[in-house]
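Here are some short exercises to work through with the model open beside you. Try each task before you read its solution.

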Amino acid sequence: MKILLDRQSPAPVYLQIRDRLRQLIHAGSLKPGDRLPSIRQMARTAQVNKLTVIEAYGVLEADGLVQARQGAGYFVNPSPVSTSFESTFAPAQTVIIPADGVQSFLDVSNAMLRAQVRPDVINFSSGFPPPCDIPDLQRIARRAVKNTAERLFEHNYPQGDPLLREQITQLLVHQGLAISADNLIITNGSMQALSLLVQQFIQPGDWVVVEAPTFHGFLSVLKQAQAQVIGIPMTATGMNLDLLEQYLQSHRPKLIYTISTLHNPTGITTDLGHRQQLLALAEAYDCRIIEDNAYERLSFGATPPPIKALDTGDRVIYLNTFSKTLMPALRVGYAVITGADYGPLLERKLLHDFHVSLVSQAIVSEYLASGHYRRRLHHLQAQNQQNQAVMLQALAKHFPPEASWTVPQGGVFLWVQLSARRSLQRFCQAALQANVLVGPGSIFFPDQQGYPGLRLSFAQTVADIERGIAVLGRLLQ
Ligand SMILES: Cc1ncc(COP(=O)(O)O)c(C=O)c1O
């Protein structure tokens, strides 16, 4: 058994051994009833003191994963306390205030489009689900055009089609938002909503808080608006709220941008307490919140109510999109805006492009009305959950012990943190030569660096996940 240790890591060696064995047990490489290497054997293989191994085996036993049998050694517990996957994500908590701008979003977006046209490449870098059933789409699109044919010859409402707004409102009321269709603006994807909001609220030089890492598209929007960015680090449970408070106090930002459910790129979903505290801080320091939950409907189970559902002061603007659940090229997203901000934002939307294409809106509306949307969500959730388990097993089997990762409760990707000394540019180039596309996680940090990380999409076939992760693991060893 190979146990690779990182002698420079601040993590004690016995915990590194514990973590590696835990990974092997969770991945099924060490099965219930299997005997762990003897203490002497493990000490020799890992080149550590026998006492270190005894300590490592002791914590595994305390965790209920193995049991000692007198005179016979340590055995993997026949009924491990938990076979579910656990997040090991615990990055250093460093706030990032970038001196310089971010990479052009056009470059990132073009690189993704180029990658899509290579069918021989396993694409771990995309944030989109697999295509819908095409015959279904054709039928739905035909019906949508028929239903709207006459209205296509005139302009429509800037806030969006009334029927679609009603349908979306129903979905949101279900999630706990006390709103009506008059609080909605349908936008050309949530990207347009992000641009309009920043144009509306941010002047050059204003401070804006983002999570670090965060959605790279929003960093580019902030750059174009000449905003100053504060990247508050993510913990395993969401944005670090102690650090947030410090920077709210010292920098008085205008805006906090958060992805509270299935955060891009870490996949983390915050709990209700975190949401309440974040809102209370925004209230105390008089700051708006943009809550951008693009992946929310891909959750495997129930999610806490959005922060917007807790907002009684019209401070939170909630965004979502059909890009991650139906089709990004339809360009249908929406913003929930309550209070006095609604009018000026609607005016801005009208001046921008009148309204979202009525055909796109009608296609989404038909998906919602026909039940195909709900069916698709169930299908995606089941498939993503299965694929995620395959990816987690493959990571535990192939990735080096110093790697840690999140275990999101949904969505299409997870986030891997790698050793601080690794150059990801070269690694990603080598991976592409081996026909595996991964992007360096640096694009998600405000300073375009952060710590070495990878966002890995599991919206692939099981065979591709296993093959691709094995390739990446080999390159990392
Ligand atoms: C968090 C987040 N917000 C917004 C967007 C933009 O999505 P849309 O296609 O709706 O513009 C994305 C797309 O990657 C995203 O990940």
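**Exercise 1.** Find which residue follows helix 12, and give the sign of its phi.

Solution. Start from helix 12, residues 342-353; a helix here is a DSSP run of H or I with at least four residues, a strand is a run of E with at least two, and both are numbered from the N terminus. Step on to Phe354, which follows helix 12 and has a positive phi, near 65°. Now check the length: twelve residues at 1.5 Å a residue should span 16 Å (1.5 Å times one less than the number of residues). The end C-alpha atoms of helix 12 are 17 Å apart, which agrees.

A note on the numbers: this is a predicted model, where local features need pLDDT of at least 70, side-chain atom pairs count only at pLDDT 80 or more, and totals for chains, interfaces and linings use all residues. Residues are numbered from 1 along each chain as its sequence is written.

**Exercise 2.** Work out in what order the three strands of the open sheet stand.

Solution. The order is 12-13-15, with antiparallel pairing (two strands pair if DSSP finds at least two bridges between them). Strand 12 (404-405) and strand 15 (453-457) each have a single partner strand, so one side of each is left without a neighbour in the sheet. Next, look at strand 13 (residues 413-417): two bridges join strand 12 to it, and Trp405 stands opposite its Val416.

**Exercise 3.** Find which helix gives the largest share of the shell around the ligand.

Solution. Helix 7 (residues 189-201) does, with three residues.
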